[in-house]
Amino acid sequence: MSGERRLAALDASIVDRLPAYSQVLFDAKTAKKLTFTDIAVHIGRNEVACAALFYGQAQATAEDVSKLSALLDVPCDVLSAQMMGFPDRGRSGPMPPVEPLIYRLYEIIQNYGYSFKAVLNEKFGDGIMSGINFTTKVEKEVDENGTFAVITLRGRCRAQASHVKMGTELFYGILYRSLNISDYAEIIHYDVSVDVHYTPAYGHSRAILPSIVCDVSIILSMPNFQPDMDPALPLERVHYGASVIPRLVP
């Protein structure tokens, strides 16, 4: 039937790669005969972001869980217990992908990846397009030449760090996770001071062990901060001290 709505369903071949709630959400979506557009309108996100929640590739808010529960008739406590943790991204499919539509997207990056990079470098300098401060959408366009898919990727451009700064990026990545801010905050400025102290190593009369003390002051940009997020989160500045003591190798 030409007017029949076709719904996206969960591919059985990737179920074991996804969180348990993915099956619950897709089953409820099918039972309610809802498209991702329908669901996105209800919860106030765009379709791709909404689908990312279903596949466990985006972090859900308490509001997302509440609205999904009401729309899909899934108990809120069940969804909340499963969806309010941290997403385990990037495991939903094999690489390179084998599903034809996804492979075409991969093929686009293979063919045009360096062209994208060259143009981005010329327009923005050396750096990356963020996948954290990032939005995307899919649109349908019809003209005299046919029907076309229009995919928009919008990410904040970030300058490439120097070698010294790169050495601290892993430290900041851990800090992001420890503060639970990785999905809505970006570091826009930081100061680092490093002191090295030398002390005798315990049990080694002539060995001297360096103790490296890092003091880090960080300013965060939080463009997506919502009032219902944890009020204890720092809104402007985080100060973090850490000591790194190398292990003595006999």
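What follows is a conversation about a predicted model.

Visitor: Why is Cys50 called buried?

Guide: Its relative accessible area is 0%, and buried means under 20%, so Cys50 qualifies.

Visitor: And what makes Cys157 partly exposed?

Guide: Cys157 has a relative accessibility of 33%. Partly exposed is the range between under 20% and over 50%, so that is the class for Cys157.

Visitor: How many disulfides are there?

Guide: A search of the whole structure gives 0. A disulfide would need two cysteine sulfur atoms within 2.5 Å, and no pair in the model satisfies that.

Visitor: Let's stay with helix H3, residues 47–54. Which of its residues are buried?

Guide: Happy to! Cys50, Ala51, Ala52, Leu53 and Phe54 are buried in H3. The buried residues of this helix pack against H1, H2, H4 and H5.

Visitor: What makes Asn46 a cap for H3?

Guide: A side-chain oxygen of Asn46 lies 3.0 Å from the backbone nitrogen of Val48. A polar contact asks for N or O atoms within 3.5 Å, so this pair fits, and Asn46 caps the N-terminal end of H3. Just after the helix, Gly56 has a positive phi of about 75 degrees.

Visitor: Which residues touch the most other members of the largest nonpolar core?

Guide: Ile39, Phe54, Leu68, Leu72 and Met83 do, in a core of 26 residues. Helices H1, H2, H3, H4 and H5 each supply at least two residues, and H3 gives the most, with 5. In soluble globular proteins, nonpolar side chains tend to be buried together.

Visitor: What is Ile39 in contact with, leaving aside its neighbours within four places in sequence?

Guide: Ile39 is in contact with Lys29, Leu34, Cys50, Phe54, Leu68 and Leu71.

Visitor: Where does helix H6 bend?

Guide: H6, residues 100–124, bends by about 60 degrees at Tyr112. At its N-terminal end, Glu99 acts as the cap, with a side-chain oxygen 2.8 Å from the backbone nitrogen of Leu101. That distance also falls within 3.5 Å, so it meets the cut-off for a polar contact. After the helix comes Gly125, with a positive phi near 90 degrees.

Visitor: How do you know that strands E1 and E2 pair?

Guide: Pairing takes at least two bridges, and E1 (residues 127–143) and E2 (residues 146–159) have 13, so they count as paired, in the antiparallel sense. A hairpin joins E1 to E2 through 2 residues, and Glu141 stands opposite Phe148 in E2.

Conventions. Residues numbered from 1 in each chain as written. Predicted model: local features only at pLDDT ≥ 70, side-chain atom pairs only at ≥ 80, totals over all residues. Heavy atoms only, no water. Bend = angle between axes of the 7 residues up to and from the residue. Helix = DSSP H or I, 4+ residues; strand = E, 2+ residues; numbered from the N terminus. Polar contact = N/O pair within 3.5 Å; in protein donor to acceptor, adjacent residues only side chain to side chain. Core = buried A, V, L, I, M, F, W, Y, C linked by side-chain atoms within 4.5 Å. Buried < 20%, exposed > 50% of the residue type's maximum accessible area, 1.4 Å probe, protein only. Contact = heavy atoms within 4.5 Å.
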